[in-house]
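Below are some comments on the model you sent round. They are numbered so that you can reply point by point.

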Amino acid sequence: MAVATILWVDDEIENLQSQKIFLENKGYEVHTLTNGFDAVDFVKDNQLDIVLLDETMPGITGLETLQKIKEVSNIPVVMITKNETENLMDDAIGSQITDYLIKPVNPNQVLLCLKKIIDNKRLVAEKTTSAYQQQFRNLFMALNSNPDYNEWMEIYKKLVFWELEMEKSNSPEMQEVFQTQKQEANTEFFKYISKNYANWLNPKNNDAPIMSHTLFKNKILPQVEKGVPSFFVLIDNLRFDQWKAIQPIFAESFRVNEEESFYSILPTATQYSRNAIFSGLLPIDIEKNFPGLWKNDDDEGSKNLHEEEFLKAQLKRLKRDDIKFSYTKVLNHNDGQQLVNNIHNLLTNDLNVIVYNFVDMMSHARTEMEVLKELAGDEISYRSITRSWFEHSPLHQALKKIADKKINIVLATDHGSVRVNNPCKVIGDKQTTANLRYKHGRNLNYETKDVLAFRDPRLAGLPVPNVNSSYIFARENNYLCYPNNYNYYVNYYRNTFQHGGVSMEEMIIPFVKMSSK
């Protein structure tokens, strides 16, 4: 079987017989023609992998032939030319050639070009697989060397890197090995969080990572400088791998200066983690300081209506209420269009907070809508949808409009999400919350091994909704289901993206500093 099928079009093709034989000896099937008209017909009627096209031919030129080929096929075309003028190259590249070679070409040049185009995916996949095999041991050793919170962030970053690289690999075996290693990492991460989380929240502890409630003071406020507008963009529910998917789009307009991560508090859910970011307080202290504004899960009404007030209070507490700031929340397309129309007016502020809610809505909609389950069936497609959304979003349009101004951008999120597939039974009374990754209530009955439990919520920095209330957080890819209608809910929620529990994907989240180019 031929490595690939090639059409070589050149009006002096008889002079290239030695090249043709060289390629055939390498396993390629080579067809030859002497003019553009025949080439276009041949492309229409035959299965080909690539066309090598001479630029100067009688009848119709190579560029004219190229345009006609592109009208009937997406086949890669390599232009071969004696003419090195810049205009010709611009025309050829503008007409979507895949590559070009300058005459006289030697056989190895042609072979290298073919390998680069035809074998690129296979070669990249093989290289990726082999590089991961070498890294596998290093990651394994890192997991078993008692990592601290900084090292955990590095381990997760490396796993995301390899997850993205594995997309290029067509080796199901290696992908399986990778998924097993990622699962092992989450098992160890759960043990680490179980052991250290309560201690991180101890006010006397000077060695804790940056978390939701300390992010603003330590990471965002230092970016704010008079005379240079700063934008704090919080995209709800954005995992680190989803940030990596949209990073190239940001990089077209902005310089990425620093890419860090921080830890979401538990529960890794919007009403807890996002309120903590804007108030600079743990939920237990938000309830104490703003008794009329904090709502527990079982209270009626929206839980995220007061972020602007929380932020104002935090700035006052930090003696930075001289900062002129705006707060914009985008919950739907109309809000997004208003942001696009209003973005220039925000340049008069020192700080502009933009909370954008799309990814969280997509994650919830994916649970409810069959069509989205198809579109975002796994991590790869979830990233792909995120990238496609951002590329065409009002947020991207708005930021592009001010990309030529001197501004700073800080991008972060409130929590990530994890794809769940391991159901665990939980029994509770009527007051028990419905969330699949965490629950609080009285008399909760569960398997100890399945969750991280705080019988005293105050140890986790959380309010005590009722006497004897305790909180439990699902580990790794578990999801918590009630016994009644158990099989229905197990099947309904399996393989959906959820948040609220303990996993690297939910807790280790991006914080990125950017500036205009």
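The points below go through selected local features of this predicted model.

1. Strand 1. This strand covers residues 5-9, and five of its five residues are buried. Thr-5, Leu-7 and Val-9 point one way, while Ile-6 and Trp-8 point the other way, and all are buried. Burial here therefore applies to both faces of strand 1, given that the cut-off for buried is under 20% relative accessible area.

2. Partners of strand 1. Strand 2 (residues 29-33) pairs with strand 1 in the parallel sense, over five bridges. Within that pairing, Thr-5 stands opposite Glu-29. Strand 3 (residues 50-54) also runs parallel to strand 1 and is joined to it by four bridges. There the bridge partner of Leu-7 is Val-51. The connection from strand 1 to strand 2 includes helix 1 (residues 17-25), and the three elements make a right-handed β-α-β unit.

3. Helix 5, geometry and start. Helix 5 has twelve residues, 107-118. From first C-alpha to last it reaches 16 Å, close to the 16 Å expected at 1.5 Å a residue. At its start, a side-chain oxygen of Asn-106 comes to within 3.0 Å of the backbone nitrogen of Asn-108.

4. Helix 5, sidedness. Which residues of helix 5 are buried? They are Val-110, Leu-111, Cys-113, Leu-114 and Ile-117. These residues lie on the same side of helix 5 because they cover an arc of only 160° around the axis. The spacing is as one would look for: an α-helix has 3.6 residues a turn, so residues three or four places apart point the same way. Asn-108, Leu-112 and Lys-116 are exposed on the other side of helix 5. Note that a leucine, Leu-112, is among these exposed residues.

5. Cis peptide bonds. Two are worth checking by eye. Lys-103 and Pro-104 are joined by a cis peptide bond with omega of about -5°. Pro-104 sits in the loop between strand 5 (99-102) and helix 5. The peptide bond from Leu-266 to Pro-267 is also cis, with omega near -10°. Pro-267 belongs to the loop between strand 7 (254-263) and helix 11 (270-279). As background, most peptide bonds are trans.

6. Positive phi. Asn-146 has phi near 55°, a positive value in a residue other than glycine. Its position is the loop between helix 6 (120-143) and helix 7 (149-166). Asn-146 counts as exposed because its relative accessibility is 65%, above the cut-off of 50%. Asn-495 has a positive phi of about 65° and is likewise not a glycine. Asn-495 lies in the loop between helix 19 (486-493) and strand 18, and it is partly exposed, with a relative accessible area of 30%. For reference, most residues other than glycine have a negative phi.

7. Asn-478. Is this residue of strand 17 (residues 478-481) buried or exposed? Asn-478 counts as buried, since its relative accessibility is 5%. Its polar side chain has partners: a polar contact of 2.7 Å joins it to the side chain of Asn-422, and one of its polar atoms lies 3.2 Å from the backbone oxygen of Asp-450. Beyond its neighbours within four places in sequence, Asn-478 is in contact with Val-420, Asn-422, Cys-424, Arg-437 and Asp-450.

8. Gly-501. This glycine is in the loop between strand 18 (497-498) and helix 20 (504-507). Gly-501 counts as buried because its relative accessibility is 0%. Its C-alpha is 6.2 Å from that of Arg-475, which is 26 residues away along the chain. Leaving aside neighbours within four places in sequence, the contacts of Gly-501 include Leu-266, Thr-268, Arg-437 and Phe-473. Leu-266 is also the residue that precedes the cis bond to Pro-267, and Arg-437 is also in contact with Asn-478.

9. Val-512. Strand 19 (residues 508-516) holds Val-512, which is buried with a relative accessible area of 0%. What does Val-512 touch, not counting residues up to four places away in sequence? Its contacts are Trp-243, Val-256, Glu-258, Glu-259, Ile-409, Val-410 and Leu-411. The C-alpha atoms of Val-512 and Arg-387 are separated by 17 Å, with their positions 125 residues apart along the chain.

Notes
Residues are numbered from 1 along each chain as its sequence is written. This is a predicted model: local features need pLDDT of at least 70, side-chain atom pairs count only at pLDDT 80 or more; totals for chains, interfaces and linings use all residues. Side-chain values use heavy atoms; hydrogens and water are left out. Helices (H or I, at least four residues) and strands (E, at least two) are DSSP runs, numbered from the N terminus. The expected span of a helix is 1.5 Å times one less than its number of residues. Buried means under 20% relative accessible area, exposed over 50%, partly exposed in between (1.4 Å probe, protein chains only). The arc is that of the directions from the helix axis to the C-beta atoms. A polar contact is a pair of N or O atoms within 3.5 Å; within protein, one must be able to donate a hydrogen and the other to accept it, and residues adjacent in sequence count only if both atoms are side-chain atoms. Contact means heavy atoms within 4.5 Å. Two strands pair if DSSP finds at least two bridges between them. A crossover is right-handed if, with the strands pointing away from the viewer, the path from the first strand over the helix to the second runs clockwise.
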